[in-house]
Amino acid sequence: MTKPPHDLFLAAKEAMAKAYAPYSKFPVGAAIRCEDGRVFSGANIEVASYPEGWCAETTALGHYIMGSGGRITEVAVIAERMAKVTPCGGCRQRLAEFTQPDTRLHLCDNDGVVETVTMEWILPYGFRGDILK
Ligand code: THU
């Protein structure tokens with residue numbers, strides 16, 4: 001069995017500390033590891049006009065895209081006030097765009113990874129863009 005990726009958990013937790021969540025007071029952090037070992041992270045960013053805010057996973061994906069990260073091998077997500085937070089529906093779709101069905105997603109509490117699932121498991125029968133190409 002592979003060791004829980006504590007460094008990726010720590011990257012997500014560090015990102016969570018930078019969350020801007022004055023309205024929900026629900027800080028979230030996410031970290032993405034690429035095949036070349038690089039890690040891209042992000043936190044949720046809220047806006048007074050609530051629907052304009054966005055999720056930690058989306059910030060992390062933005063950093064991943066701008067960093068020209070290669071194949072994603074694993075993702076970790078953490079929320080300060082909830083153990084095993086799972087990505088929202090929109091973020092599942094966004095993550096699916098840049099991952100594979102067997103990409104691992106690590107769900108964390110404040111001390112580390114507590115459960116590991118796959119993208120396919122959290123977004124079964126999802127819409128895929130192949131047909132649009
Ligand atoms: N949030 C995330 O950052 N990721 C998720 O997958 C779930 C929700 C954020 C959005 C908002 O800033 C706060 O958590 C409460 O919904």
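Visitor: Which residues are around the ligand?

Guide: This is a predicted model. In this model, the residues around the ligand are Ser24, Phe26, Val28, Asn44, Glu46, Cys55, Ala56, Glu57, Thr86, Pro87 and Cys88. To count as near, a residue needs a heavy atom within 4 Å of the ligand.

Visitor: What makes the pair between alanine 56 and the ligand a polar contact?

Guide: A backbone N or O atom of alanine 56 lies 2.9 Å from an oxygen atom of the ligand. The cut-off for a pair of N or O atoms is 3.5 Å, so this pair counts as a polar contact.

Visitor: Which atoms of glutamate 57 and cysteine 88 lie 2.8 Å and 2.9 Å from a ligand oxygen?

Guide: For glutamate 57, an N or O atom in the side chain is 2.8 Å from an oxygen atom of the ligand. For cysteine 88, a polar backbone atom is 2.9 Å from a ligand oxygen. As for cover, the protein hides 76% of the 370 Å² of accessible area that the ligand has on its own.

Visitor: Which residues of helix α2 are called buried, and why?

Guide: Helix α2 spans residues 56-66, and its buried residues are Ala56, Glu57, Thr59, Ala60, Leu61 and Tyr64. They are called buried because each has under 20% relative accessible area. These buried residues pack against β1, β2, β3 and α3 (89-98). After α2 comes serine 68, whose phi is positive, near 50°.

Visitor: How do you know that β1 and β3 pair?

Guide: Count the bridges. Strand β1 (residues 28-34) and strand β3 (residues 72-79) are joined by 7 bridges. Pairing needs at least two, so β1 and β3 pair. They run antiparallel. One of the partners of β1 residues is glutamate 74 in β3, which bridges to arginine 33.

Visitor: What makes β4 and β5 a pair?

Guide: There are 6 bridges between β4 and β5. At least two are required, so these strands pair too. They run antiparallel, and a hairpin joins them through 2 residues. Leucine 107 stands opposite glutamate 115 in β5.

Visitor: Why do β2 and β5 stand at the edges of the sheet?

Guide: The open sheet has 5 strands in the order β2-β1-β3-β4-β5, with mixed pairing. β2 (39-43) and β5 (112-118) each have a single partner strand, so one side of each is left without a neighbour in the sheet. From one strand to the next, the twist averages 20°.

Visitor: Which strands does helix α1 lie across?

Guide: Helix α1 (residues 6-16) lies across β1, β2, β3, β4 (104-109) and β5. Its direction is at about 140° to β1.

Note on methods:
Residues are numbered from 1 along each chain as its sequence is written. This is a predicted model: local features need pLDDT of at least 70, side-chain atom pairs count only at pLDDT 80 or more; totals for chains, interfaces and linings use all residues. Side-chain values use heavy atoms; hydrogens and water are left out. Helices (H or I, at least four residues) and strands (E, at least two) are DSSP runs, numbered from the N terminus. Axes are lines fitted to C-alpha atoms, for helices over the stretch in contact, and angles run from 0 to 180 degrees between N-to-C directions. Contact means heavy atoms within 4.5 Å. A polar contact is a pair of N or O atoms within 3.5 Å; within protein, one must be able to donate a hydrogen and the other to accept it, and residues adjacent in sequence count only if both atoms are side-chain atoms. Accessible areas come from the Shrake-Rupley method with a 1.4 Å probe; for residues, only the protein chains shown count as cover. Buried means under 20% relative accessible area, exposed over 50%, partly exposed in between (1.4 Å probe, protein chains only).
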